[in-house]
Amino acid sequence: MASNQVWNLENGITNGACHEPRLVKTAHSLSSTSLRKKSEVALGSNIRPLLLRRILINFQQVILGTKIAPLFVAIPFAIVAQSYDFGRPWIFALSLLGLAPLAERISFLTEQIAYYTGPTVGGLLNATCGNATELIIAIFALYQRKIDVLKYSLLGSILSNLLLVLGSSLLCGGLANLTKEQKFDRNSADVNVLLLSLGVLCHALPLLSQYTTVTGTSLDKSVLLLSRISSVVLLVAYMTYLFFQLKTHRQLFESEEETENGEDEEAVIGFWSAFSWLVGMTAVTALLSEYIVGTIETASSTWGIPVSFLSIILLPIVGNAAEHAGAIIFAYKNKLDISLGVALGSATQISIFVVPLCVVVGWILKVDMDLSLSTLETGCLTLSVIIVAYALQDGTSHYMKGAVLLFVYVVISACFLVLQSPNHEGNLIGSQKQSVGYSAA
């Protein structure tokens, strides 16, 4: 890109379009484009100071460039509620609402930066930053030693993507295209299902090991060691998946939407402007995540709703509303490959990247974070992956498949609302006692 074009972009002048090689996007980044819009108000076009003009035009592109921009209002209200102690449930609710536009805008800013870094690095950025919100919340929960909240939120993100997002997409797509047979590429779906199965195995083994007699060592330490080994394997699998997705088999993950429209797209703000906004929005996301983790238990007791339900069901729905809406819109347009890429891709990334990364970070911080889930949670995760695998096995879709996935999600939601999920530590101790009693008998 010529230096004058960079100067134009950094000063809010976007007429000089950049013509770098086309950025290879993931389905996750494509889904966010459905909620983007061009502001009708031209800010800063007649202002002479270049710095002020750049700030106003960037504000227009970043803040007003999404259809859910009104939700940004929740952010200052959440900060005020925290500062003046208006009530912790209010802080939780406002922070949750504020995360929705932040998640979509972080995806947009990552994409803007990717235009300047080239196709490979850009694709890597889009792939690894797709679930930045979940990762930030998980890190704060880990730092505050709220391991149950961390596990609940990550499990909820996986279930939400597999059942709610995918189910809604297949249902809406099937109803909107009753006269057409909806088809999708099974190759990328099969890869994601295989990786999800690997993640399920790594979650199930610690649970199964609790019913195995372990001699000469503590069961807690055995589960922790097994989780850390499995996490390292999962991270290696994720790096292999990225190489597979971005290099050797990139054609499997490129959608028709990208091929048709990719050449017309260009960066709308400069690199350093996008980087500055990204840092700022990441900081705000971290602040709201800290609020959510710190107030979720109080909100649970005040509203009479289990923490497991708030973390597994409510938090993923609101936090990823923009991404979920985009997947449904593309399914409505009969572009199922993008919808499946969003749902399965996000679930896969959380399962084999975010979760094991939290285990490794906990290992560094000397926090006993493991992959062990309760029997109820492991069963829900395992059966969800199996049901999704069966639904996608023939490469075609209709609204009945989507309806069944939604029914499964409703039943699981009712389960966590009605039944208080057992504490992981208590479940582990109880299982250990059961194992000891069984061996003694």
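Q: The bend at a residue is the angle between axes fitted to the seven residues ending there and the seven starting there. By how much does H12 bend at Thr295?

A: At Thr295, H12 bends by about 45°. The model is predicted, so local features need pLDDT of at least 70 and side-chain atom pairs 80 or more, while totals for chains, interfaces and linings use all residues. Residues are numbered from 1 along each chain as its sequence is written, and side-chain values use heavy atoms, without hydrogens and water.

Q: What span does helix H12 reach, and what follows H12?

A: Helices are DSSP runs (H or I, at least four residues), numbered from the N terminus. The expected span is 1.5 Å times one less than the number of residues. H12 (residues 271-303) has 33 residues and reaches 44 Å from first to last C-alpha, close to the expected 48 Å. Gly304 follows, with a positive phi near 70°.

Q: How many cavities of 30 Å³ or more are there, and what lines the second largest?

A: A cavity is a set of points on a 1 Å grid over the protein atoms alone where a 1.4 Å probe fits but cannot get out; lining residues have an atom within 4 Å of a point. Points join across faces, edges and corners, and volume is the space filled by probe spheres set on them. The count is five. The second largest has a volume of about 90 Å³. Helices H7 (132-143), H8 (147-176) and H13 (307-319) each give two or more residues to its lining. Among the lining residues are Leu99, Glu134, Ser153 and Asn320.

Q: What is the mean pLDDT of the protein chain?

A: pLDDT is the predictor's confidence in each residue, from 0 to 100. The chain mean is 79, and 76% of residues reach 70 or more.

Technical notes: 1 Å grid on protein atoms, 1.4 Å probe; cavity = no way out; pocket = protein on both sides within 12 Å on 5 of 7 lines; lining within 4 Å.
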